[in-house]
Amino acid sequence: MTSYKELGLVNTREMFAKAVKGGYAIPAFNFNTMEQMQAIVQAAVETKSPVIMQVSKGARNYANGTILRYMAQGAVEYAKELGCPNPQIVLHLDHGDSFELCKECIDNGFSSVMFDGSALPYEENIAITKKVVEYAHKYDVTVEAELGVLAGVEDEVSAAESHYTRPEEVEDFSKRSGCDSLAISIGTSHGAYKFTPEQCTRDPKTGKLVPPPLAFDILHEIEKRIPGFPIVLHGSSSVPQDEVDTINKYGGKLPDAVGIPEEQLREASKSAVCKINIDSDSRLAMTAAIRKHLAENPSHFDPRQYLKPARENMKKMYIHKIVNVLGSDNKL
Ligand code: G3H
Ligand code: 13P
Ligand code: ZN
């Protein structure tokens, strides 16, 4: 058993309480590579922001769970080296799909886990979440649960009411499961294609897709029913058009990629939404920089030559999210 406390990591309890009270959200950035980890830590230190570094099952398969855990431990030491004496870094399991996986992460230095039972029947979701919570709380690890299914790109967003979190269930669910935070579905979704062109309108001036708005009425209803309870938004990349354009300009093919407008995420951050998950925007920032670099420097083959601008571009994006969208800067 390795406790996250030995690694200098923190759980989410205090940072979420402060974020809800202070009207800002904590960035939850996925990482799979050393460059992402470095960019996240540099951005968090420079902006004096708490940060959640999250590991998906896919990341564990790609990079190996043990390596990622040691990288998170390295992230704490790196932050100190960069001049931040008390970094607030959470190592979080993203979309854990079983009690066993959550337990394995808790036993191996994670300070927070998500059990995603959103596709399960309601009672089963409560039962497994509760089992994870009972185990996690013994070690002061915090638990994120999910209620409501994130709309897929194939769904009719305007008619996806049944996928949205049902406000009338959140009080019962949070009480009975004992979870520390709750991921809800109000119209966000994973990936770089969050809406089909048919679900969007087109800006007559630019011809660009304008996605349908998030269901703020549902968010506000949820907040009324569980006042102050920490809410999480998954699928919150904005899919910046300039990165998509760069990728497409240098040989990529991402037609009609569309994300969540940042003004809406800024608005959500001021509510009880205290954790905002961003992965795709990091992938886009990295890919755009690499494609551009290699197109402009066809003789380069040392990975450091193209990974350096990729890391810089991701760092710029992380800083932008922290300062201009989530408002978590200067909170250490
Ligand atoms: O929730 C999804 C995250 O973006 C992680 O994606 O499973 O491809 O690592 P992944
Ligand atoms: P994006 O695909 O919008 O970045 O969402 C990431 C996420 O929700 C990770 O859990
Ligand atoms: Zn997610």
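**Core, helix pairs and ligand shells in a predicted model**

Student: This is a predicted model, right? Which residues have the most contacts inside the largest nonpolar core?
Tutor: Yes, the model is predicted. Its largest nonpolar core has 95 residues. Those with the most contacts inside that core are Ile40, Met53, Val113 and Leu182.

Student: Which element gives the largest share of this core?
Tutor: Look for the element that supplies 7 residues to this core. That largest share comes from H12.

Student: What does Met53 touch, apart from its neighbours within four places in sequence?
Tutor: Met53 is one of the residues with the most contacts inside the core. Start with its contacts Ala72 and Ala75, then add Ile89, Val90, Leu91 and His92. The rest of the list is Phe29, Phe31, Met37 and Ile40.

Student: At what angle do H2 and H4 pack?
Tutor: Helix H2 covers residues 34-47 and helix H4 covers residues 65-81. Their crossing is right-handed. The axes are 10 Å apart, and the angle is about 35°.

Student: How do the residues of the contact of H2 with H4 divide by class?
Tutor: On the H2 side you'll find Met34, Met37, Val41, Ala44 and Val45. They meet Met71, Ala75, Tyr78 and Ala79 in H4. The contact has no polar and no charged residues, which leaves 9 nonpolar.

Student: Now H11 and H12: how do the residues of their contact divide by class?
Tutor: The axes of H11 (residues 280-296) and H12 come within 8 Å and cross at roughly 145°, and the crossing is right-handed. H11 brings residues including Asp281, Ser282 and Ala285, while H12 brings Gln305, Tyr306 and Asn313 among others. By class, that contact has 11 nonpolar, 4 polar and 1 charged residues.

Student: Why does Val325 count as buried or exposed?
Tutor: Val325 is found in helix H12, residues 303-326. A residue is buried if 20 or more other C-beta atoms lie within 10 Å of its own. Val325 has 22 such neighbours, so the verdict is buried.

Student: Which residues does Val325 touch, not counting those up to four places away in sequence?
Tutor: His92 is 233 residues away along the chain, and its C-alpha atom is separated from that of Val325 by 21 Å. For the contacts, look to Glu262, Leu265, Arg266 and Ser269.

Student: Which elements give two or more residues to the shell around ligand 1?
Tutor: The residues around ligand 1 are Asn30, Ser56, Gly58, Ala59, Asp94, His95, His190 and Asp279. Gly58 and Ala59 fall inside 57-63, and Asp94 and His95 inside 89-96. Those stretches are helix H3 and strand S3.

Student: How many polar residues are in the shell around ligand 2?
Tutor: Altogether 13 residues surround ligand 2, and the closest are His234, Ser237, Asn277, Asp279 and Ser280. S3 and strand S10 (273-278) each supply at least two residues of the shell. By class there is 1 nonpolar, there are 2 charged, and the polar count is 10.

Student: What is phi of His95?
Tutor: Most residues other than glycine have a negative phi. His95, found in strand S3, is not a glycine, yet its phi is positive. The value is near 55°.

Student: And where does Val239 lie?
Tutor: Val239 has a positive phi of about 50° although it is not a glycine. Val239 is buried, because 21 other C-beta atoms are within 10 Å. Its place is the loop between strand S9 (231-233) and helix H9 (241-249).

Note on methods
Residues are numbered from 1 along each chain as its sequence is written. Chains are lettered from A and ligands numbered from 1 in the order in which they are written. This is a predicted model: local features need pLDDT of at least 70, side-chain atom pairs count only at pLDDT 80 or more; totals for chains, interfaces and linings use all residues. Helices (H or I, at least four residues) and strands (E, at least two) are DSSP runs, numbered from the N terminus. A residue is buried if 20 or more other C-beta atoms lie within 10 Å of its own, exposed if 12 or fewer, and partly exposed in between; C-beta atoms are placed from the backbone. Two residues are in contact if their C-beta atoms, placed from the backbone, lie within 7 Å. A residue is near a molecule or strand if its C-beta atom, placed from the backbone, lies within 6 Å of it. A nonpolar core is a set of buried Ala, Val, Leu, Ile, Met, Phe, Trp, Tyr and Cys residues joined through C-beta atoms within 7 Å. Axes are lines fitted to C-alpha atoms, for helices over the stretch in contact, and angles run from 0 to 180 degrees between N-to-C directions. A crossing is left-handed if the near helix is turned anticlockwise from the far one by less than a right angle, and right-handed if clockwise. Ala, Val, Leu, Ile, Met, Phe, Trp, Tyr, Cys and Pro count as nonpolar, Asp, Glu, Lys and Arg as charged, and the others, Gly among them, as polar.
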